[in-house]
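This report introduces a protein model to a reader who has not met it before. Please keep the sequence and the three-dimensional view at hand while reading.

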Amino acid sequence: MSNSPAEFTIQRPVFERSGAVRWVVSHATQHWGIIIMLLIGAFGNAALAAVVPLLVGDAFNAMLKPVADTSVLLPLALLIGGTQILRGVLQLGRNFGAELLGQRLEREIRDEMYISLLGKSMTFHSLQPVGDTMARATNDVREVNLMFSPGINLVIGSFFFIIMPILAAPRYHPALLVTPVAFAIVYFLALVRYLKTLEPISDEVRASFGEMNSHLSESLDGVETVKGAAQENAEVEKFIVNAARVRDAFIRQGDTEARFIAFLLYGIAIAAGLTHALILFRMGLLNTGQVIGYFGLLRMLDFPTFTSTWAYTQVSMGLSSARRILELMNRENNLDQNTAGDAGAMRGEIEFRNVGFGYPDGSTVLENVSFRVKPGRTVAIVGQTGAGKTSLVKLVNRTYDVSNGKILVDGVDVRDWNLAALRSQISMIEQDIFLFSRSISDNIAFGRPGATRAQVEAAAQAAQAHEFIETFDQGYDTVIGERGVTLSGGQRQRLALARAFLTDPRVLILDDSTSAIDSATEDKIQRAISAAAQGRTTLLITHRLSQIRWADLIIVIRKGKVAAMGNHEELMKTSEAYARIFRE
Ligand code: CTP
Ligand code: MG
């Protein structure tokens with residue numbers, strides 16, 4: 001039996017997944033050290049930025065004395081220089097902290113998502129388009145990173161720049177608080193409204209992007225079909241429509257950004273603040289240096305104004321992305337791993353008891369299927385296309401779960417087996433064989449990563465694959481193209497058989513219904529399959545008459561029901577449907 005661990009048993013700290021904000025916060029708070037560095041950097045940066053106008057104001061006052069006091073100028077200049085160098089260091093801390101936080105979260109979220117995706121049931125994966133998943137796993141995860149750096153970095157930076165004039169203005173006159181406080185209030189109110197308007201638009205931007213991606217990946221996946229049917233233009237047309245949707249969403253976002261009133265607000269604050277200061281000056285409550293210092297303080301508001309148009313968009317986009325990632329991870333996952341279940345060695349007895357099955361979104365596919373196979377026997381499953389053969393065998397290793405009745409392996413309901421133990425002792429060679437874009441030897445050893453080269457070669461020999469592998473320049477180290485496209489159907493099938501030989505499962509399931517190959521290869525495959533069937537329970541879906549003939553039990557499936565069952569001789573006598581297969 002294979003000892004490869006099932007990927008989905010990996011345990012990780014569980015983050016709060018009840019809402020996007022909480023989820024992001026639960027990730028961020030894993031890194032308090034970085035957050036504190038970011039906050040200190042941001043506060044220090046703003047405080048030292050405020051020092052400049054204050055010192056300049058003082059310098060003016062020294063110069064405007066009846067007898068100008070130039071002796072203060074040099075120390076002031078040095079002080080400004082020194083504080084600004086320190087400010088640079090703090091700014092670095094802030095930016096570095098935000099970048100570090102963003103990158104770490106990106107990595108963690110990616111891990112969390114990958115683990116979650118591998119743990120999902122086939123029902124989930126067969127309904128979820130790969131392109132959309134890819135968009136979420138790449139771009140949306142990236143958006144969450146950008147939300148921290150530059151997004152939240154600048155939001156926190158701006159916050160302290162808004163606070164500084166409020167802290168420093170009373171130094172000149174308490175009444176001067178009016179302008180910066182009013183600015184802060186209106187700014188935050190406008191911001192709340194802005195974010196609310198932006199939310200559905202950001203969602204639309206992310207969603208339309210995901211859709212464009214899933215369509216693109218589908219037409220690239222099926223590019224052979226697209227070209228074969230000369231449908232390139234139609235596909236391009238569809239892509240253009242999708243791309244236009246993405247563009248429109250982005251434009252709507254830009255439009256909303258452009259309407260944000262921050263700049264207007266800033267202009268008003270500068271004008272109102274200056275007027276106020278001049279009135280106080282006329283009344284003799286302020287002197288020239290103080291007016292200049294205050295004006296400099298107000299000028300600090302241009303940083304939050306400038307960054308606000310895009311920093312908050314970044315945050316909004318990040319939250320939309322976080323929602324999409326969460327939605328995918330939280331989507332119902334009805335796969336029960338049953339780690340406490342039966343994990344013993346399998347003998348290989350299989351029994352179907354009144355099994356009924358339907359796909360979640362479709363009608364009934366199988367009805368009342370019952371049969372029993374002793375360990376080590378071979379069962380041939382035959383029937384017309386769409387009869388339900390593939391669906392039937394996929395129930396054995398719980399790729400899907402039965403809707404009615406039950407399936408017993410060694411007398412134990414498959415749902416009572418430990419899922420990893422069940423699957424690692426059942427090898428399934430699918431109708432549509434998937435190979436990874438890795439070397440041939442890695443592909444063969446997929447179910448048993450520790451296998452030596454000698455073991456891999458022995459498996460390939462048994463599967464009649466050694467010969468053709470040797471014809472490649474790099475032999476077993478040849479990297480096959482994505483989805484195994486550089487190999488023929490017959491070659492792929494033999495690699496899959498070699499994979500099965502290596503894991504040495506108790507139960508082998510071979511879905512061989514659509515392969516059509518030349519007779520020389522056919523002969524090799526025939527031999528490989530009968531070798532593979534030796535000593536293990538084998539469920540064989542096939543159209544090859546010679547294979548059907550030597551099966552211990554033949555099950556004829558018709559429209560999801562067992563139409564006939566028995567060995568070749570019996571069926572030739574009793575079943576018209578079966579006899580018809582051989583007459584054709
Ligand atoms: N089906 C479905 N959803 C899937 C797979 C199949 O609704 N994800 C439906 C098909 O439309 C079909 C029925 O289930 O009507 C049986 O499909 P399958 O078991 O794949 O049929 P096979 O007998 O394996 O057909 P073939 O010989 O063509 O492989
Ligand atoms: Mg099939």
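## Ile166 and its surroundings

Ile166 is placed in helix H5. The model described here is a predicted one. Apart from neighbours within four places in sequence, the residues in contact with Ile166 are Leu177, Pro180, Val181 and Ala184. For one of these, Ala184, the separation from Ile166 along the chain is 18 residues, and the C-alpha atoms of the two are 9.0 Å apart.

## Further features of helix H5

Helix H5 covers residues 130-168. Within this helix, how far apart are Arg136 and Asp132? They are 4 residues apart, and therefore about one helical turn separates them. Their side chains form a salt bridge, with an N to O distance of 2.7 Å. In general, side chains of opposite charge can pair when their charged atoms come close. Across the whole structure, the search finds 26 salt bridges.

Pro150 is also a residue of helix H5. The peptide bond that joins Ser149 to Pro150 is cis, with an omega of about 10 degrees.

## A backbone angle in strand S2

Strand S2 comprises residues 364-373, and Asn368 is located in this strand. Although Asn368 is not a glycine, its phi is positive, at about 50 degrees.

## Overall form

The secondary structure of the protein consists of 21 helices and 10 strands. The radius of gyration is 35 Å, whereas the globule rule gives 25 Å for 584 residues; the value is well over that figure, so the protein is more spread out than a compact globule. Measured out along the principal axes, the C-alpha trace spans about 125 × 50 × 45 Å.

## Two domains and their interface

The protein is divided into two domains: domain 1 takes in residues 20-330 and domain 2 takes in residues 350-583. The C-alpha centres of domain 1 and domain 2 are separated by 55 Å. How many residues does each domain bring to the contact? Domain 1 brings 5 residues, and domain 2 brings 5 residues.

The size of an interface is often expressed as the accessible area lost when the parts come together. Between domain 1 and domain 2 the buried area is about 410 Å², and carbon and sulfur atoms give 61% of this area. Of the area that domain 1 buries against domain 2, 72% is supplied by Met122, Thr123 and Asp221, which is more than any other three residues supply.

No salt bridge is found across the interface, the count by the rule being 0. The number of residue pairs in polar contact between domain 1 and domain 2, with both residues at pLDDT 80 or more, is likewise 0. On the side of domain 1 that touches domain 2, helix H4 (residues 122-127) gives the most, with 4 residues. By class, this side of domain 1 has 2 nonpolar, 2 polar and 1 charged residues.

How values were computed
Residues are numbered from 1 along each chain as its sequence is written. Chains are lettered from A and ligands numbered from 1 in the order in which they are written. This is a predicted model: local features need pLDDT of at least 70, side-chain atom pairs count only at pLDDT 80 or more; totals for chains, interfaces and linings use all residues. Side-chain values use heavy atoms; hydrogens and water are left out. Domain bounds come from an automatic or database domain assignment. Contact means heavy atoms within 4.5 Å. Buried area is the accessible area (1.4 Å probe) that two parts lose on being put together, summed over both. A salt bridge is a side-chain nitrogen of Lys or Arg within 4 Å of a carboxyl oxygen of Asp or Glu. A polar contact is a pair of N or O atoms within 3.5 Å; within protein, one must be able to donate a hydrogen and the other to accept it, and residues adjacent in sequence count only if both atoms are side-chain atoms. Helices (H or I, at least four residues) and strands (E, at least two) are DSSP runs, numbered from the N terminus. Ala, Val, Leu, Ile, Met, Phe, Trp, Tyr, Cys and Pro count as nonpolar, Asp, Glu, Lys and Arg as charged, and the others, Gly among them, as polar. The radius of gyration is taken over C-alpha atoms; the globule rule is 2.2 Å times the number of residues to the power 0.38.
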